[in-house]
Protein chains: 2
Amino acid sequence: MSKSVTPKSKDYSKWYTDVITKAELADYGPVKGTMIIRPYGFKIWENIKNIFDLEFKKTGHTNAYFPLFIPKSFLNKEAEHVEGFAKECAIVTHSRLTADDDGSLTPDPNSKLEEEVIVRPTSETIIWSMYKKWIKSHRDLPLLINQWANVVRWEMRTRLFLRTSEFLWQEGHTAHATEKEAIDETHKILNIYQNVVENFMGIPLTVGRKSDSEKFAGAVETFSIEAMMGDKKALQAGTSHYLGQNFSKAFDVKFQDSDNKEKHVYATSWGVSTRLIGALIMVHGDDKGLRLPPKIAPIQIVIVPIYKSDNDLEIITEYVSPIVNYMKQNNISCYFDTRDKLSPGFKFNEWEMKGVPLRIEVGMRDLNSKILTIARRDNNEKSTVKIDDANKLLVNNLNDIQKCLYNEALNFKNQNTFQADDYNEFKKIISDGGFVECGWDGNEETETKIKSETNATIRCIPFNQEKKLKCIYTQNPAKYTVVFAKAY
Amino acid sequence: MSKSVTPKSKDYSKWYTDVITKAELADYGPVKGTMIIRPYGFKIWENIKNIFDLEFKKTGHTNAYFPLFIPKSFLNKEAEHVEGFAKECAIVTHSRLTADDDGSLTPDPNSKLEEEVIVRPTSETIIWSMYKKWIKSHRDLPLLINQWANVVRWEMRTRLFLRTSEFLWQEGHTAHATEKEAIDETHKILNIYQNVVENFMGIPLTVGRKSDSEKFAGAVETFSIEAMMGDKKALQAGTSHYLGQNFSKAFDVKFQDSDNKEKHVYATSWGVSTRLIGALIMVHGDDKGLRLPPKIAPIQIVIVPIYKSDNDLEIITEYVSPIVNYMKQNNISCYFDTRDKLSPGFKFNEWEMKGVPLRIEVGMRDLNSKILTIARRDNNEKSTVKIDDANKLLVNNLNDIQKCLYNEALNFKNQNTFQADDYNEFKKIISDGGFVECGWDGNEETETKIKSETNATIRCIPFNQEKKLKCIYTQNPAKYTVVFAKAY
């Protein structure tokens with residue numbers, strides 16, 4: 001399990017899959033395109049999920065659960081929405097299997113459904129069909145609901161965490177009395193996304209609005225957080241959509257306002273998914289495996305005892321017990337790895353592969369000197385510390401690792417983000433890898449041409465639009481400053 | 001919303017649905033058999049889920065996530081399992097919709113899947129296909145994995161929370177080196193189930209083993225917790241299965257033991273679902289709506305101010321703020337209901353419907369006397385207390401309500417549990433409603449006859465088997481003392 005991974009520089013894609021497999025984060029499922037999230041990977045997801053969930057609740061959102069199955073006809077109600085999702089959805093047509101003469105199972109023709117049902121690719125349609133029932137008056141607004149769920153988008157090309165037929169996510173769906181409130185909500189959520197991804201996951205972001213061709217099928221405006229992966233490609237890590245009245249009109253959701261007039265409500269939707277784990281791996285991972293920011297690491301500190309006899313282990317156990325207890329009291333996840341018959345070297349490799357931020361090594365000789373060794377996963381630095389100072393130093397180190405991983409990623413992102421005003425220069429940067437900040441004339445045609453010539457897409461239109469640039473492609477006055485990159 | 005419900009005594013089934021609707025716990029989904037869990041109902045589920053999750057983690061289990069989609073052929077691998085699930089499953093046959101000439105959507109024939117996939121009715125098969133990959137040595141055991149997930153069993157008769165096509169649950173799947181360890185695990189989980197359902201949800205249980213005809217399709221033995229609903233019918237509230245080597249043999253999962261021999265592993269699986277919310281409603285609810293045990297109530301205390309002006313409200317806010325703060329510090333969920341333009345009476349009704357354990361009423365006149373009124377939801381008792389004593393009394397009351405709800409349910413269950421040795425007597429009790437403890441000769445034929453004649457099933461074979469009885473039906477010496485009842 002703890003064998004080494006393919007070096008990043010040799011084959012980035014292979015490196016990525018190796019890390020996932022060897023750190024036991026995930027595995028391929030038997031149905032093409034599906035994925036198993038293994039316990040260690042799932043614990044990372046639980047940590048990320050809990051942080052988001054708390055932030056959503058703090059801002060007045062509640063969780064609910066809507067059905068997996070959507071009537072086929074619902075998809076058709078919002079014109080752009082159906083375009084976006086009908087081409088890649090799982091369709092349930094029968095409700096019973098029956099045995100053939102040879103004993104193999106086949107869908108029972110008698111169980112054919114009158115109307116096929118779709119496995120949700122996203123839940124706007126089913127949720128808005130219910131909001132019609134629940135929203136009558138301005139007193140029912142705002143309605144701020146989130147759900148944690150699995151969704152399905154049929155994918156032929158699988159890439160663990162990034163592109164799978166089924167994935168886990170949260171999807172928020174809110175209804176508001178006014179356009180302003182809905183737009184404010186869209187931005188509030190975008191801020192939560194940015195805060196959690198940057199400050200907990202240690203991933204620096206570029207934030208902004210999507211171009212029309214890249215926005216969500218059914219949205220008026222889509223905002224996104226974009227991260228730079230270790231291969232300098234972009235990953236869309238979360239989106240927040242202002243839906244205007246598109247869905248409230250499609251599902252005829254009106255409320256009686258305080259002026260007694262009936263109005264269609266304004267909507268938002270927003271989501272982050274297990275894809276974030278893919279970002280985590282690609283932003284922080286190195287040739288030894290994962291590197292996890294302490295704030296989301298399932299194990300923050302691992303203690304590896306170096307011993308020959310049971311008696312040695314007993315003495316070491318007593319020696320480190322004040323650390324174990326202190327960490328427990330302070331909700332710091334600390335694992336004392338006393339697994340038998342595995343060498344310390346094996347354990348070091350395993351915990352490095354799994355990205356544990358801090359490792360403590362302690363052997364019999366350290367006892368007399370009242371010391372122990374701390375190894376940092378982020379920079380491989382080892383230091384010898386006095387046992388009496390250990391608790392404080394460990395906590396300081398965790399805080400420092402959190403910062404260092406972010407700063408390292410930020411430096412990498414900055415070093416690989418370029419301004420360009422010449423299209424040849426642009427093409428060279430895109431080909432070498434990186435984000436390009438440049439002017440765009442705002443024409444979809446220009447965007448399409450650039451995409452077809454370079455594979456780069458507009459990742460977002462940053463909020464800060466102070467610069468007066470020329471379009472990188474047409475050299476006409478730019479309508480927007482945008483960020484281009486190849487993306488996952 | 002807070003209108004009254006159909007009285008229990010008039011129409012129990014209507015009462016049940018009324019409570020769910022009016023307390024805003026759930027709603028029917030657009031696809032037949034599906035359900036929406038609304039925010040208030042979902043919060044109850046979150047509370048229950050968090051308690052179980054903690055207990056599972058304390059006992060060494062970790063969460064993971066396995067795919068929704070199972071290859072059709074997997075279902076066929078365990079003979080009894082396929083019998084149990086093939087008749088009521090959702091089958092995905094296509095992966096794309098295409099528009100007809102008239103614009104309506106239809107499954108694209110070109111997207112027909114080579115092998116149909118089944119939406120998981122339970123995950124034994126897919127999990128054991130992965131365990132084959134992960135389990136090699138005795139060092140990999142025990143493997144103690146749980147998942148929180150949605151599952152689908154196609155149901156034509158819908159009953160919110162009790163019988164829906166899709167429901168939420170946890171399913172534990174463990175692998176062990178020995179039979180003894182696996183059986184111990186089965187009982188360990190049964191104990192967790194009993195503890196949480198009795199001590200947190202306040203629902204008294206009958207616990208035991210299932211008869212062969214009632215056990216899980218694929219299990220060697222099934223154990224269950226059974227609760228008595230308000231209409232004296234039984235509800236199976238959770239099951240823990242000892243699977244023996246049935247699945248490890250079906251999926252050929254072997255490990256190398258410490259004696260270097262290859263052996264098939266021993267397995268368990270176990271689950272509780274959102275059905276527990278149905279139990280909660282039917283065990284504690286009354287004609288005013290829900291009554292929630294404090295330990296799982298989303299809101300434990302509601303404070304309703306009685307005021308005429310904004311100034312009044314300000315004064316009351318200050319008056320109750322020490323209570324609000326104290327509860328917050330002690331992690332007691334306390335909601336100060338300052339919603340405007342709703343009368344206190346309306347609020348009282350609403351919170352009674354929603355089962356909030358304690359209500360505080362406070363008006364301007366109470367301020368001078370330094371008092372407030374506490375109303376208990378469980379027994380409708382009101383008392384006036386000094387504000388200075390309020391915090392302590394409120395906490396005491398919450399503890400007392402938790403006990404009282406359990407005791408009330410236990411008395412009800414005891415009063416409606418009967419011993420019988422005569423079949424006519426048996427039939428009368430079953431017809432009137434209740435649990436019957438009696439002898440059974442152990443023949444499936446006898447069990448079938450009793451079921452067809454009375455609709456009663458063996459709910460379980462309790463662990464305590466000291467009595468020597470005669471079979472209620474054949475009058476032959478009984479093999480077991482069992483509990484019969486009609487069940488949901």
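Two strands count as paired here if DSSP finds at least two bridges between them. Keep that in mind as you open this predicted model, since the tour starts where two chains share a sheet.

**Stop 1: where the chains meet**

Select residues 91–94 in chain A and in chain B. These are the β5 strands of the two chains, and three bridges join them in an antiparallel run. Now pick out the facing residues: A:H94 stands opposite B:I91, and A:I91 stands opposite B:H94.

**Stop 2: the whole sheet**

Add β4 and β8 of both chains to your selection. You now have an open sheet of six strands with antiparallel pairing, in the order β4(A)-β8(A)-β5(A)-β5(B)-β8(B)-β4(B). Which strands stand at the edges? They are β4 (69–71) of chain A and β4 of chain B; each has a single partner strand, so one side of each is left without a neighbour in the sheet. Look across the strands as you rotate the view: on average, neighbours in this sheet are turned by 45° against each other, direction ignored.

Next, follow the chain B half. Strand β5 of chain B (residues 91–94) pairs with β8(B) in the antiparallel sense over three bridges. In that pairing, B:H94 stands opposite B:K112. On to the edge: β4 of chain B (residues 69–71) and β8 of chain B (residues 112–119) are also antiparallel, with three bridges. Here B:P71 stands opposite B:V117.

**Stop 3: the contact and its symmetry**

Zoom out and colour by chain. The contact takes 51 residues from chain A and 51 residues from chain B. On the chain B side, the residues touching chain A divide into 31 nonpolar, ten polar and ten charged.

How are the two copies related? A turn of 180°, with a shift of 0.0 Å along the axis, lays chain B on chain A with an RMSD of 0.0 Å. The copies are therefore related as by a two-fold rotation axis. The same surface serves both of them, as 100% of the contact residues of chain B recur in chain A. To find the axis from chain B, select B:V92: of the residues of that chain, B:V92 comes closest to the axis, with its C-alpha at 2.1 Å.

**Stop 4: the domains of chain A**

Hide chain B for a moment and colour chain A by domain. Domain 1 covers 12–97 + 122–284, domain 2 covers 294–404 and domain 3 covers 417–485. The C-alpha centres of domain 1 and domain 3 of chain A lie 27 Å apart. Between these two domains, 16 residues of domain 1 are in contact with 14 residues of domain 3.

Which strands should you select on the domain 1 side? Try β11 (205–209) and β12 (221–228) of chain A, each of which supplies at least two residues of the side that touches domain 3. β11(A) gives the most to that side, with four residues. By class, the domain 1 side has three nonpolar, five polar and eight charged residues.

**Stop 5: strand β9 of chain B**

Bring chain B back and select residues 143–152. This is strand β9, which is mostly covered, with seven of its ten residues buried. Two bridges join β9(B) to strand β3 of chain B (residues 62–63), and these two strands run parallel; B:N63 stands opposite B:N146 there. With strand β10 of chain B (residues 166–176), β9(B) runs antiparallel, joined by ten bridges. One of the facing pairs is B:V152 and B:E166.

**Stop 6: some backbone details**

Step to the loop between α5 (124–134) and β9 (143–152) of chain A, where A:P142 lies. A cis peptide bond joins A:L141 and A:P142, with omega about -5°. In chain B, a cis peptide bond joins B:L141 and B:P142, with omega about -10°. B:P142 is found in the loop between α5 (124–134) and β9 of chain B.

Now select A:F161, in the loop between β9 and β10 (166–176) of chain A. Phi of A:F161 is near 70°, a positive value in a residue other than glycine. Is A:F161 buried or exposed? A:F161 is buried, because 24 other C-beta atoms lie within 10 Å.

End at B:N380, in the loop between β20 (371–376) and β21 (382–386) of chain B. B:N380 is not a glycine but has a positive phi of about 65°. With 10 other C-beta atoms within 10 Å, B:N380 is exposed.

Key. Residues are numbered from 1 along each chain as its sequence is written. Chains are lettered from A and ligands numbered from 1 in the order in which they are written. This is a predicted model: local features need pLDDT of at least 70, side-chain atom pairs count only at pLDDT 80 or more; totals for chains, interfaces and linings use all residues. Axes are lines fitted to C-alpha atoms, for helices over the stretch in contact, and angles run from 0 to 180 degrees between N-to-C directions. Two residues are in contact if their C-beta atoms, placed from the backbone, lie within 7 Å. Ala, Val, Leu, Ile, Met, Phe, Trp, Tyr, Cys and Pro count as nonpolar, Asp, Glu, Lys and Arg as charged, and the others, Gly among them, as polar. Copies are superposed by least squares on the C-alpha atoms of residues with pLDDT of at least 70 in both. Domain bounds come from an automatic or database domain assignment. A residue is buried if 20 or more other C-beta atoms lie within 10 Å of its own, exposed if 12 or fewer, and partly exposed in between; C-beta atoms are placed from the backbone.
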